[in-house]
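Please open the model in your viewer and keep the selection panel at hand. The tour goes from one selection to the next and says what is found at each stop.

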Amino acid sequence: MSQKIRIGVIGAGSISESHLGAYAKNPEVELVAICDLNEERARAKAEKYNIPNVYTDYNKLLEDGSIDAVSVCTWNNSHAPISIAALNAGKNVLCEKPLCKTVEEAFEVEAAVKKSGKTLQVGFVRRYASNTRIVKEFMENGDLGEIYYAKASCIRRFGNPGGWFADTERSGGGPIIDIGVHVIDLCWYLMGRPKVKTISGNTYKKLGNRSHIQNLAQYRAADYTPDANNVEDMANALIRFENGASLLVDVSFTLHAKKDEITVKMYGDKGGVELEPELSFITEKYNTILNIDPQINNKGFDFIAGFQDEIDHFIDMCFGRKETLSPVEDGVEMMKILCGIYESAEKGTEISF
Ligand SMILES: NC(=O)c1ccc[n+]([C@@H]2O[C@H](COP(=O)([O-])OP(=O)(O)OC[C@H]3O[C@@H](n4cnc5c(N)ncnc54)[C@H](O)[C@@H]3O)[C@@H](O)[C@H]2O)c1
């Protein structure tokens, strides 16, 4: 293996900036190739990050035997085929969340990982964040006891990005698969990855993309068009695990809510923790209830630092110094949960595993 890990980035849209910026700051990385269906977008990133090779076909990028690893930053519908092709070409893969669109595809990616002997790290960036690491240490040392209930919410009141995000064919769904995946995974990971037993989910398509709204700014995908949207506006779910623990989640792209909100709270028999919006522990001592306020740099999720930690960990993994914190098996389990929520909502009944 070369002295530096030689990286190719596939997909040169919004999130590629977070990958490229973090790779550029890692002294053990050489950015050698970038690819996007949209050549102009790929060329702009190549110029900014001084990347010598530009492609519009990812297969061509993967033919470069000197590339050690790739980031997959494309629409969700291409995560599985690109990751499988990259693994078959002998590359380690950092694939953005969600792993893919369906459970069947997830199994195919997992099989490709096993066959290739390479590693696929799923882009569950919140697992790498400093506040998650702090909570994990408290939990592993038993400070919170047994976690039996978690509650996560990721509410956008006016935040359907449109474009591919609003096209089920390319995204696999709306807020559950796009933003719900982060908070569901965070809870599941910290709860010790328990086996799912049942899921009861609801999805709603009541408000549409609200393209008529004026006077309020909104992030829009590059290919936003006001008339195209077939994903859910909001969803909720109760997930019950085999160990008796449960997770309650609600998410939205749009909702008549007063403000945007992200909360992640977990409750154990010795203490509780709020990870979002700000890290805080709750416990009792000598018959008195305490709220504990950690003195740390980032009380919430710091986007830039989180991506740096995720990318640095991926590079350490490529050198064989660390194992990934978000292996393909966890991506598969997460697809079972996300698709299970959609299945339960569609059937109008609880589903069992
Ligand atoms: N971890 C996070 O916090 C986070 C945040 C945003 C997005 N994401 C994920 O990152 C991925 C990309 O999202 P985005 O916001 O950057 O979208 P985007 O639309 O800004 O960029 C996606 C890019 O992928 C390109 N693309 C699509 N299919 C391709 C293919 N087959 N080959 C080459 N290029 C292809 C598109 O042309 C586009 O430029 C999604 O899977 C999304 O879920 C993760």
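What follows is a walk through the domains, two groups of strands and the ligand.

Before selecting anything, note that residues are numbered from 1 along each chain as its sequence is written. The model is predicted, and for that reason local features need pLDDT of at least 70 and side-chain atom pairs count only at pLDDT 80 or more, while totals for chains, interfaces and linings use all residues.

**Domains.** Colour residues 5–125 as domain 1 and residues 127–306 + 334–352 as domain 2, bounds that come from an automatic or database domain assignment. The centres of the two domains, taken over C-alpha atoms, are separated by 26 Å. Where domain 1 and domain 2 touch, 14 residues of the former and 18 residues of the latter take part, a contact being two residues whose C-beta atoms, placed from the backbone, lie within 7 Å. On the domain 1 side, 8 of these residues are nonpolar, 4 polar and 2 charged; here Ala, Val, Leu, Ile, Met, Phe, Trp, Tyr, Cys and Pro count as nonpolar, Asp, Glu, Lys and Arg as charged, and the others, Gly among them, as polar.

**The parallel sheet.** Next select the open sheet of 6 strands, whose order is β3-β2-β1-β4-β5-β6 with parallel pairing. Strands (E, at least two residues) and helices (H or I, at least four) are DSSP runs, numbered from the N terminus, and two strands pair if DSSP finds at least two bridges between them. The edges are β3 (53–55) and β6 (120–123), each of which pairs on one side only. From one strand to the next, the twist averages 20°; axes are lines fitted to C-alpha atoms, for helices over the stretch in contact, and angles run from 0 to 180 degrees between N-to-C directions. Zoom in on β2 (residues 29–35), which is joined to β3 by 3 bridges, with C35 partnered by Y55. Helix α2 (residues 39–49) packs on the sheet, touching β2 and β3, and its direction makes about 160° with that of β2.

**The antiparallel strands.** Now select β8 (residues 196–204), which runs antiparallel to β9 (residues 234–241) and is joined to β9 by 8 bridges; I199 has I239 as its bridge partner. β8 also pairs in the antiparallel sense with β15 (residues 351–352), over 2 bridges, and T198 stands opposite S352 there.

**The ligand.** Which residues come nearest to the ligand? Of the 26 residues around the ligand, they are G11, G13, S14, I15 and E96, where near means a C-beta atom, placed from the backbone, within 6 Å. This shell draws at least three residues from each of domain 1 and domain 2.
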